[in-house]
Amino acid sequence: METKVLENKDSLIARASTLRITTRMLANTLANGSFRSLYHGQGIEFSGVREYLRGDDVRAIDWNVTARSSKPYVKVFEEERELQIFLVIDRSLSMQTGTKGKSRYEAAMEAAALLIMAAEHNANPVGAVLFSGEVEFECSPKAGSKQTMILLSQLDKIPANQKPGSFLGNALTGAGRVLKKRSLVFVISDFRMRDWEDPFVHLAAKHDVIAVRIGDPSDYTLPEIGAVPFRDPENDIIRVFPTHSKSFRNSWQEDGRMRLNRWKDTCLKRGGFPLSISTTEDPLAVLTSFFSTREY
(Lines give C-alpha, C1' and ligand atoms only; values in the text may rest on other atoms or scores of the structure.)
Protein backbone atom coordinates (compact mmCIF):
# COMPACT_ATOMS: atom_id res chain seq x y z
CA MET A 1 0.00 0.00 0.00
CA GLU A 2 1.39 3.39 -0.99
CA THR A 3 1.99 5.68 1.96
CA LYS A 4 3.05 9.23 2.62
CA VAL A 5 4.89 10.65 5.63
CA LEU A 6 3.46 13.63 7.48
CA GLU A 7 5.47 16.62 6.27
CA ASN A 8 4.29 19.42 8.53
CA LYS A 9 5.67 17.79 11.68
CA ASP A 10 9.09 16.47 12.55
CA SER A 11 9.31 12.72 12.18
CA LEU A 12 8.50 10.84 15.37
CA ILE A 13 11.55 8.69 14.75
CA ALA A 14 13.75 11.81 14.69
CA ARG A 15 12.08 13.05 17.89
CA ALA A 16 12.45 9.72 19.71
CA SER A 17 15.28 10.89 21.99
CA THR A 18 13.34 13.97 23.06
CA LEU A 19 10.20 11.89 23.57
CA ARG A 20 12.10 9.53 25.86
CA ILE A 21 13.04 12.45 28.09
CA THR A 22 9.64 14.14 28.12
CA THR A 23 7.70 10.96 28.86
CA ARG A 24 9.48 10.07 32.11
CA MET A 25 6.85 11.81 34.24
CA LEU A 26 4.05 10.20 32.24
CA ALA A 27 5.71 6.81 32.62
CA ASN A 28 5.88 7.24 36.40
CA THR A 29 2.25 8.31 36.72
CA LEU A 30 1.18 5.49 34.41
CA ALA A 31 2.93 2.96 36.64
CA ASN A 32 1.93 4.43 39.99
CA GLY A 33 -1.36 6.17 39.38
CA SER A 34 -4.89 5.34 38.43
CA PHE A 35 -4.48 1.86 37.02
CA ARG A 36 -2.20 0.22 39.58
CA SER A 37 -4.73 -2.60 39.88
CA LEU A 38 -3.72 -3.82 36.43
CA TYR A 39 -0.41 -4.91 37.91
CA HIS A 40 -2.24 -7.45 40.05
CA GLY A 41 -4.20 -10.55 39.22
CA GLN A 42 -2.38 -11.16 35.93
CA GLY A 43 -1.20 -14.51 37.24
CA ILE A 44 1.61 -15.94 39.33
CA GLU A 45 4.99 -17.31 38.39
CA PHE A 46 7.43 -19.55 40.24
CA SER A 47 10.38 -17.60 41.66
CA GLY A 48 12.24 -20.16 43.81
CA VAL A 49 12.14 -22.07 47.08
CA ARG A 50 12.91 -21.34 50.74
CA GLU A 51 13.02 -23.33 53.94
CA TYR A 52 9.68 -24.23 55.47
CA LEU A 53 8.57 -21.96 58.33
CA ARG A 54 5.95 -22.75 60.93
CA GLY A 55 2.59 -21.65 59.61
CA ASP A 56 3.40 -22.18 55.92
CA ASP A 57 0.83 -24.02 53.84
CA VAL A 58 1.96 -27.65 53.60
CA ARG A 59 0.50 -27.77 50.09
CA ALA A 60 3.32 -25.42 49.01
CA ILE A 61 6.06 -27.89 50.02
CA ASP A 62 8.43 -28.75 47.17
CA TRP A 63 8.85 -32.47 47.77
CA ASN A 64 11.67 -32.91 45.25
CA VAL A 65 13.88 -30.27 46.89
CA THR A 66 12.88 -31.48 50.35
CA ALA A 67 13.92 -35.04 49.50
CA ARG A 68 17.32 -33.91 48.22
CA SER A 69 18.11 -31.63 51.16
CA SER A 70 16.54 -33.55 54.02
CA LYS A 71 14.86 -30.28 55.08
CA PRO A 72 11.36 -29.14 54.18
CA TYR A 73 11.27 -26.43 51.50
CA VAL A 74 8.27 -24.55 50.10
CA LYS A 75 7.75 -23.07 46.66
CA VAL A 76 7.64 -19.28 46.41
CA PHE A 77 5.46 -17.57 43.83
CA GLU A 78 5.25 -13.93 42.79
CA GLU A 79 2.51 -12.03 41.02
CA GLU A 80 3.32 -10.99 37.49
CA ARG A 81 3.70 -7.21 37.36
CA GLU A 82 3.80 -6.68 33.63
CA LEU A 83 1.36 -4.04 32.41
CA GLN A 84 0.40 -4.64 28.79
CA ILE A 85 -0.69 -1.64 26.72
CA PHE A 86 -2.58 -1.59 23.44
CA LEU A 87 -3.52 1.40 21.25
CA VAL A 88 -6.46 1.58 18.85
CA ILE A 89 -5.73 4.61 16.67
CA ASP A 90 -8.13 6.27 14.24
CA ARG A 91 -6.68 8.04 11.23
CA SER A 92 -9.80 8.18 9.09
CA LEU A 93 -10.41 11.15 6.81
CA SER A 94 -12.32 13.06 9.51
CA MET A 95 -9.21 12.85 11.70
CA GLN A 96 -7.27 14.78 9.05
CA THR A 97 -9.35 17.90 9.80
CA GLY A 98 -8.59 20.59 12.36
CA THR A 99 -7.91 24.26 12.96
CA LYS A 100 -5.21 26.30 14.71
CA GLY A 101 -2.53 24.65 12.57
CA LYS A 102 -2.96 21.08 13.84
CA SER A 103 -5.15 18.23 12.64
CA ARG A 104 -6.92 15.79 14.92
CA TYR A 105 -4.67 13.00 13.69
CA GLU A 106 -1.54 14.99 14.54
CA ALA A 107 -2.87 15.41 18.08
CA ALA A 108 -3.70 11.69 18.19
CA MET A 109 -0.25 10.85 16.85
CA GLU A 110 1.43 12.91 19.58
CA ALA A 111 -0.66 11.29 22.32
CA ALA A 112 0.01 7.80 20.97
CA ALA A 113 3.76 8.44 20.67
CA LEU A 114 3.92 9.62 24.28
CA LEU A 115 2.12 6.48 25.49
CA ILE A 116 4.39 4.24 23.43
CA MET A 117 7.52 5.89 24.83
CA ALA A 118 6.12 5.69 28.38
CA ALA A 119 5.52 1.98 27.85
CA GLU A 120 9.11 1.52 26.71
CA HIS A 121 10.38 3.44 29.75
CA ASN A 122 8.50 1.03 32.04
CA ALA A 123 9.44 -2.05 29.96
CA ASN A 124 5.74 -2.64 29.24
CA PRO A 125 4.75 -4.60 26.12
CA VAL A 126 2.85 -2.32 23.74
CA GLY A 127 0.95 -3.01 20.53
CA ALA A 128 -1.42 -1.15 18.26
CA VAL A 129 -3.94 -1.21 15.47
CA LEU A 130 -4.25 1.76 13.08
CA PHE A 131 -7.34 2.09 10.94
CA SER A 132 -9.35 4.34 8.65
CA GLY A 133 -12.05 2.79 6.50
CA GLU A 134 -10.06 -0.43 6.90
CA VAL A 135 -7.35 -1.79 9.18
CA GLU A 136 -4.04 -0.37 7.92
CA PHE A 137 -1.61 -1.80 10.49
CA GLU A 138 -1.78 -4.18 13.44
CA CYS A 139 0.75 -5.77 15.77
CA SER A 140 0.55 -7.66 19.05
CA PRO A 141 2.10 -6.17 22.22
CA LYS A 142 5.86 -6.56 22.57
CA ALA A 143 8.44 -4.82 24.73
CA GLY A 144 11.65 -3.11 23.68
CA SER A 145 13.03 -0.25 21.63
CA LYS A 146 12.64 -2.15 18.34
CA GLN A 147 8.89 -2.36 18.89
CA THR A 148 8.84 1.36 19.76
CA MET A 149 10.54 2.28 16.48
CA ILE A 150 8.15 0.09 14.48
CA LEU A 151 5.12 1.77 16.04
CA LEU A 152 6.50 5.31 15.70
CA SER A 153 7.32 4.73 12.04
CA GLN A 154 3.77 3.51 11.41
CA LEU A 155 2.31 6.57 13.13
CA ASP A 156 4.36 8.76 10.79
CA LYS A 157 2.84 7.18 7.70
CA ILE A 158 -0.59 7.75 6.20
CA PRO A 159 -1.80 5.73 3.20
CA ALA A 160 -1.96 7.94 0.11
CA ASN A 161 -5.43 6.73 -0.87
CA GLN A 162 -7.34 6.08 2.31
CA LYS A 163 -10.64 4.24 2.22
CA PRO A 164 -13.51 6.50 3.40
CA GLY A 165 -15.41 5.67 6.56
CA SER A 166 -14.27 4.36 9.93
CA PHE A 167 -13.43 0.79 10.89
CA LEU A 168 -13.55 1.50 14.64
CA GLY A 169 -16.03 -1.23 15.56
CA ASN A 170 -14.03 -3.86 13.68
CA ALA A 171 -10.76 -2.56 15.11
CA LEU A 172 -12.15 -2.90 18.66
CA THR A 173 -13.31 -6.44 17.92
CA GLY A 174 -9.90 -7.27 16.47
CA ALA A 175 -8.15 -5.89 19.53
CA GLY A 176 -10.22 -8.20 21.70
CA ARG A 177 -9.00 -11.19 19.68
CA VAL A 178 -5.35 -10.12 19.77
CA LEU A 179 -5.16 -9.48 23.52
CA LYS A 180 -4.78 -12.71 25.48
CA LYS A 181 -4.54 -11.18 28.96
CA ARG A 182 -6.02 -8.17 30.69
CA SER A 183 -4.53 -4.98 29.24
CA LEU A 184 -4.76 -1.21 29.38
CA VAL A 185 -6.32 -0.19 26.05
CA PHE A 186 -6.36 3.36 24.64
CA VAL A 187 -8.93 4.05 21.93
CA ILE A 188 -7.83 7.30 20.27
CA SER A 189 -10.43 8.69 17.87
CA ASP A 190 -12.85 11.53 17.16
CA PHE A 191 -15.65 8.95 17.60
CA ARG A 192 -17.49 10.38 14.61
CA MET A 193 -19.01 7.11 13.52
CA ARG A 194 -21.70 4.59 14.37
CA ASP A 195 -21.71 0.96 15.51
CA TRP A 196 -18.76 1.20 17.91
CA GLU A 197 -20.62 0.86 21.21
CA ASP A 198 -21.25 -2.90 21.26
CA PRO A 199 -17.61 -3.83 20.42
CA PHE A 200 -16.52 -1.25 23.01
CA VAL A 201 -18.67 -2.98 25.67
CA HIS A 202 -17.15 -6.38 24.89
CA LEU A 203 -13.62 -5.00 25.01
CA ALA A 204 -14.22 -3.11 28.27
CA ALA A 205 -15.61 -6.26 29.89
CA LYS A 206 -12.18 -7.90 29.71
CA HIS A 207 -9.80 -4.94 29.69
CA ASP A 208 -9.42 -1.45 31.15
CA VAL A 209 -10.34 0.82 28.25
CA ILE A 210 -9.61 4.55 28.08
CA ALA A 211 -11.53 6.33 25.32
CA VAL A 212 -9.48 9.33 24.17
CA ARG A 213 -11.65 11.71 22.16
CA ILE A 214 -9.67 14.09 19.96
CA GLY A 215 -11.55 17.38 19.69
CA ASP A 216 -10.98 20.73 18.05
CA PRO A 217 -12.15 24.31 18.79
CA SER A 218 -14.31 24.14 15.65
CA ASP A 219 -16.48 21.57 17.43
CA TYR A 220 -17.85 24.41 19.55
CA THR A 221 -17.08 27.75 17.93
CA LEU A 222 -17.23 29.10 14.39
CA PRO A 223 -15.83 32.40 13.10
CA GLU A 224 -18.35 35.02 11.99
CA ILE A 225 -17.51 35.06 8.29
CA GLY A 226 -20.87 34.83 6.50
CA ALA A 227 -22.30 31.91 4.54
CA VAL A 228 -19.52 29.31 4.38
CA PRO A 229 -19.52 25.93 2.56
CA PHE A 230 -18.38 22.99 4.71
CA ARG A 231 -17.41 19.66 3.15
CA ASP A 232 -17.73 16.33 4.95
CA PRO A 233 -14.35 14.61 4.30
CA GLU A 234 -15.90 11.15 4.55
CA ASN A 235 -18.67 11.51 1.93
CA ASP A 236 -17.86 14.81 0.13
CA ILE A 237 -21.29 16.25 0.99
CA ILE A 238 -21.14 20.06 1.04
CA ARG A 239 -23.42 22.20 3.18
CA VAL A 240 -23.52 25.97 3.58
CA PHE A 241 -23.61 27.23 7.17
CA PRO A 242 -24.73 30.78 8.04
CA THR A 243 -21.90 31.67 10.41
CA HIS A 244 -23.07 35.32 10.37
CA SER A 245 -26.12 34.20 12.39
CA LYS A 246 -25.62 34.48 16.16
CA SER A 247 -28.40 31.96 16.84
CA PHE A 248 -26.71 29.46 14.49
CA ARG A 249 -23.35 29.91 16.21
CA ASN A 250 -25.00 29.49 19.63
CA SER A 251 -26.78 26.34 18.42
CA TRP A 252 -23.50 25.01 17.05
CA GLN A 253 -21.81 25.57 20.40
CA GLU A 254 -24.64 23.93 22.36
CA ASP A 255 -24.73 20.97 20.00
CA GLY A 256 -21.00 20.48 20.39
CA ARG A 257 -21.27 20.44 24.17
CA MET A 258 -24.21 18.03 24.08
CA ARG A 259 -22.31 15.66 21.78
CA LEU A 260 -19.33 15.67 24.15
CA ASN A 261 -21.50 15.01 27.22
CA ARG A 262 -23.40 12.21 25.46
CA TRP A 263 -20.10 10.62 24.45
CA LYS A 264 -18.80 10.79 28.04
CA ASP A 265 -21.99 9.23 29.38
CA THR A 266 -21.86 6.50 26.76
CA CYS A 267 -18.25 5.60 27.62
CA LEU A 268 -18.99 5.44 31.33
CA LYS A 269 -22.14 3.36 30.85
CA ARG A 270 -20.24 0.98 28.55
CA GLY A 271 -17.47 0.43 31.09
CA GLY A 272 -14.79 2.77 29.76
CA PHE A 273 -12.98 5.84 31.04
CA PRO A 274 -13.53 8.99 28.90
CA LEU A 275 -10.70 11.45 28.30
CA SER A 276 -10.96 14.42 25.94
CA ILE A 277 -7.91 16.05 24.31
CA SER A 278 -8.19 19.13 22.08
CA THR A 279 -5.88 19.90 19.18
CA THR A 280 -4.91 23.07 21.10
CA GLU A 281 -3.86 21.19 24.26
CA ASP A 282 -0.56 19.61 25.25
CA PRO A 283 -1.21 15.83 25.20
CA LEU A 284 1.58 15.18 27.71
CA ALA A 285 0.04 17.53 30.27
CA VAL A 286 -3.45 16.10 29.77
CA LEU A 287 -2.34 12.46 30.00
CA THR A 288 -0.09 13.06 33.01
CA SER A 289 -2.89 14.88 34.84
CA PHE A 290 -5.36 12.11 34.00
CA PHE A 291 -3.20 9.35 35.47
CA SER A 292 -1.99 11.30 38.49
CA THR A 293 -5.38 12.57 39.69
CA ARG A 294 -7.85 9.75 39.01
CA GLU A 295 -8.20 6.75 41.29
CA TYR A 296 -10.04 3.53 40.49
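## Salt bridges and a buried helix face

At 36% relative accessibility, Asp57 counts as partly exposed in this predicted model. Its salt-bridge partner is Arg59, with the closest N and O atoms 2.9 Å apart, and Arg59 counts as exposed at 74% relative accessibility. Beside this pair in the sequence, Asp56 forms a salt bridge with Arg50, where the closest N and O atoms are 2.8 Å apart. Here Asp56 is buried, with a relative accessible area of 19%, because the cut-off for that class is under 20%, whereas Arg50, at 34%, counts as partly exposed.

A further salt bridge joins Arg249 to Glu224, the closest N and O atoms being 3.6 Å apart. This pair links distant parts of the chain, since Arg249 lies in helix H8 (residues 246-269) and Glu224 in the loop between strand E9 (208-215) and strand E10 (227-231), 25 residues apart. Glu224 is exposed, with a relative accessible area of 57%. Arg104, Arg192 and Asp219 are linked in a network of salt bridges, and the whole structure holds ten salt bridges.

Turning to the interior, 47% of the 296 residues of the protein chain count as buried. Helix H6 (residues 168-178) contributes Leu168, Gly169, Ala171, Leu172, Gly174, Ala175 and Val178 to the buried residues. An α-helix has 3.6 residues a turn, so residues three or four places apart point the same way. The buried residues of H6 pack against strands E4 (85-90), E5 (126-131), E6 (135-142) and E8 (184-189), and against helix H7 (197-206).

Across the protein chain, which has nine helices and twelve strands, residues 24 or more positions apart account for 73% of the contacts with a separation of 6 or more.

Methods. Residues are numbered from 1 along each chain as its sequence is written. This is a predicted model: local features need pLDDT of at least 70, side-chain atom pairs count only at pLDDT 80 or more; totals for chains, interfaces and linings use all residues. Side-chain values use heavy atoms; hydrogens and water are left out. Buried means under 20% relative accessible area, exposed over 50%, partly exposed in between (1.4 Å probe, protein chains only). Helices (H or I, at least four residues) and strands (E, at least two) are DSSP runs, numbered from the N terminus. Contact means heavy atoms within 4.5 Å. A salt bridge is a side-chain nitrogen of Lys or Arg within 4 Å of a carboxyl oxygen of Asp or Glu.
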